[in-house]
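Here is a short structural report for the bench. Please look over the sequence and the model first.

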Amino acid sequence: MSRETIVLGAGMVGVSVAWHLTRRGRSVLLVDRRPPGRETSYGNGGLIQREAVRPYPFPRELSKLLSAVPNHRVDIRYRLQDMLRFAGPLFSYWRNSAPRRHADIIPEYASLIALSTQEHAPMIEAADADHLVRKEGWLEVYRHSAGLEKRTREAHDAAERFGVTHDLLDAAQLKKREPQISDGLAGAIHWTNSWGVSDPGALVAAYAAQFEREGGRFLQAEVRDVARQGQGWRVVTESGAHEAQEVVVALGPWAGDWLRSLGYRLPTFVKRGYHMHYGAPEARRLRHWLLDADVGYILAPMRPGIRLTTGAELAAMGAPPQYGQLEAAERKARELYPELGERLEETPWQGARPCLPDMKPVIGPAPRHAGLWLAFGHGHQGFTMGPVTGRVMAEMMEGDPTAVDMRPFRADRF
C-alpha cells in the first residue's frame, strides 16, 4: 500500500497531480463527483497564461474602490453579506495587495507561471491534444492610452525578469491583427508566448484519459468522508471505501470546507465567474482571444462558439446566481466586437475560483497529518498552473528536489 495514492478532485490541478504520480510508478485513484474537467476547469477563459506573472491584487486606488460601490462594474462585483462573511480573508487580501508586499509576492508566484507552457507541452503531446491548443498568443486590448502605457511598463518588466514575450500594437496594428473589432481603440499588447485552448474541459479530459491509459484509475463518485486509518488514509465515497497511504486534496473551491473536518482553518474564499457562448459569422470570427482590459471580460473563439467570460464576483459559492455582470459584459462586448451573435445556451455557466489572501496556492504537505497533501488555491490560474503543480507535488511526495523553491507555497504560512 506504500505506493497507493488517492487524488481528490479531477480539475486541471488534480488531474495533473495524478498524471505525474502515475508516471512515477504510483498506483493512483482519481476521484471526483463529475467527469474530469467539468467543474471550475471547464468554465475559464481557456488561456495558458505564460504572461500572468503578476497575481491579481485587490483594488487599492480610492477611485477604483469608489467606482465599485454601486456594484455595476464588469470586472468586479460583490454580495455585501458575503463580503462581511469573508471579511478576514478579504482584509488580508487587501493588505497583501499593497505595492511593496505585492512586489515581494510576484517572483514567488512567477516561479510557477514561468514553467506553465513548458509543463503543459509534454502532457499535450502524450494526450494527442495538440488540436485543442493554439500557440499564437492573445490580445490585451485597451480603449484608453493611460492603461496601455501602464501595462506596457509592466510588460517590459515581465520580459526582462521572467522571459515573457510580447508585441506592442498601436491602433492600426491592432486592427490589422484583428480586423473584426471596432475602431477607436488605443492599442493592445499581444502576449506571444501564451497559448489558447479551444475547449478547456476537453483538454483536462484528454489529460485524464492519458492518465488512465497509463494505468491510473478514475472513480466518479461523491466523497463522503476522509479520515486517518492506521498509518494510512480511508476515503469513503457513495460507491464504497478506498484505502491509501497518501491522499492529495485538490478540490479547488471546495478544499477549504473539506479541510475543516480535519481541523484546518485556512483563509479560503472564492471569486465566482460566469460565461456564455455566442454565435458569429464564420468568415468574421475572432482570430485571437481578447481581453477588454479597461472593462474586464474575455472574448474567446472556442469550439462551442465565442465564449464571453466575466470578471470576478465576490460571493459565496452557494449564493444565488446574479447574471447582471454577464449582461453588462455582453453590452460592452458588442461595442468591441459587433459581430457577436445570439446566445447559444439558455442558462449561463457559473463557477468559482479558489482563492487565498496572499494570491499564492497551497502546494505541499498538510502541517499536522502525515500522508496528507494539499494542492489548491490557484485563484485565476489553476488551468495555467495545473501541470507545474503536478510536477512539483510529485517531486515533493517522492522526496526529490523540486523545480522551484516550494517554501512560499507551504500551508503553514497561515
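The sections below cover strands, cores, selected residues and internal spaces.

## Basis

This is a predicted model.

## Strand E15 and its partners

Strand E15 spans residues 269-278. How many of its 10 residues are buried? The count is 10 of 10. Both faces are covered. On one side sit Phe269, Lys271, Gly273, His275 and His277. On the other sit Val270, Arg272, Tyr274, Met276 and Tyr278.

E15 pairs with strand E20 (residues 349-355) through 7 bridges, and the two run antiparallel. Tyr274 faces Gln350 of E20 in this pairing. Strand E18 (residues 305-309) is joined to E15 by 4 bridges, also in the antiparallel sense. There, His277 stands opposite Arg307. Strand E19 (residues 312-314) adds 2 bridges and runs antiparallel to E15. Arg272 has Glu313 as its bridge partner in E19.

## The six-stranded sheet

An open sheet holds 6 strands in the order E10-E2-E1-E14-E22-E21. Its pairing is mixed. Strands E10 (217-220) and E21 (362-365) form the edges. Each has a single partner strand, so one side of each lacks a neighbour in the sheet. On average, neighbouring strands are turned by 20° against each other, direction ignored.

One pairing inside this sheet is parallel: E1 (residues 4-8) with E2 (residues 27-32), over 5 bridges. Thr5 lies opposite Val28 of E2.

## Nonpolar cores

In soluble globular proteins, nonpolar side chains tend to be buried together. Here the largest nonpolar core has 66 residues. Which of them touch the most other members? They are Val7, Leu203, Tyr207, Val248, Ile363 and Met393. Helix H12 (residues 382-397) supplies the largest share of this core, with 8 residues. Another core lies apart from it and has 26 residues, including Leu219, Val223, Val247 and Ala411.

Leu203 shows how distant parts of the sequence meet. Setting aside neighbours within four places in sequence, Leu203 contacts Met12, His120, Ile124, Ala129, Leu132, Val197 and Phe383.

## Two buried helix residues

Gly14 belongs to helix H1 (residues 12-23). Is Gly14 buried or exposed? Its relative accessible area is 1%, so Gly14 is buried. Beyond residues up to four places away in sequence, Gly14 touches Val7, Gly9, Leu30 and Ala250. Val7 is also one of the residues with the most contacts to other members of the largest core. The C-alpha atoms of Gly14 and Leu251 are 7.5 Å apart, although 237 residues separate the two along the chain.

Glu395 sits in helix H12. Glu395 counts as buried because its relative accessible area is 7%, and the cut-off is under 20%. Its contacts outside the four-place sequence window are Arg24, Asp400, Pro401, Thr402 and Ala403.

## Positive phi in two loops

Most residues other than glycine have a negative phi. Asn71 has a positive phi of about 65° and is not a glycine. Asn71 lies in the loop between helix H2 (62-68) and strand E4 (76-78). Its relative accessibility is 21%, so Asn71 counts as partly exposed.

Asp128 also has a positive phi, of about 55°, and is not a glycine. Its loop runs between helix H6 (116-126) and strand E5 (133-134). Asp128 is exposed, with a relative accessible area of 61%.

## Cavities and a pocket

How many cavities of 30 Å³ or more does the whole structure hold? The search finds 4. The largest cavity has a volume of about 120 Å³. It is lined by 14 residues, and those closest to its centre are Tyr56, Lys271, Met359, Gly379 and His380. Lys271 is one of the buried residues of E15.

The second largest pocket has a volume of about 170 Å³. Its lining includes Arg85, Phe86, Pro253, Ala316, Met317 and Gly318. Two elements give two or more residues to that lining: helix H10 (255-260) and E15. H10 gives the most, with 3 residues. Among the other lining residues are Phe269 and Val270, which lie on opposite faces of E15.

How values were computed
Residues numbered from 1 in each chain as written. Predicted model: local features only at pLDDT ≥ 70, side-chain atom pairs only at ≥ 80, totals over all residues. Heavy atoms only, no water. Buried < 20%, exposed > 50% of the residue type's maximum accessible area, 1.4 Å probe, protein only. Pairing = 2+ DSSP bridges. Axes fitted to C-alpha atoms, helices over the stretch in contact; angles between N-to-C directions. Core = buried A, V, L, I, M, F, W, Y, C linked by side-chain atoms within 4.5 Å. Contact = heavy atoms within 4.5 Å. 1 Å grid on protein atoms, 1.4 Å probe; cavity = no way out; pocket = protein on both sides within 12 Å on 5 of 7 lines; lining within 4 Å. Points joined across faces, edges and corners; volume = space filled by probe spheres on them.
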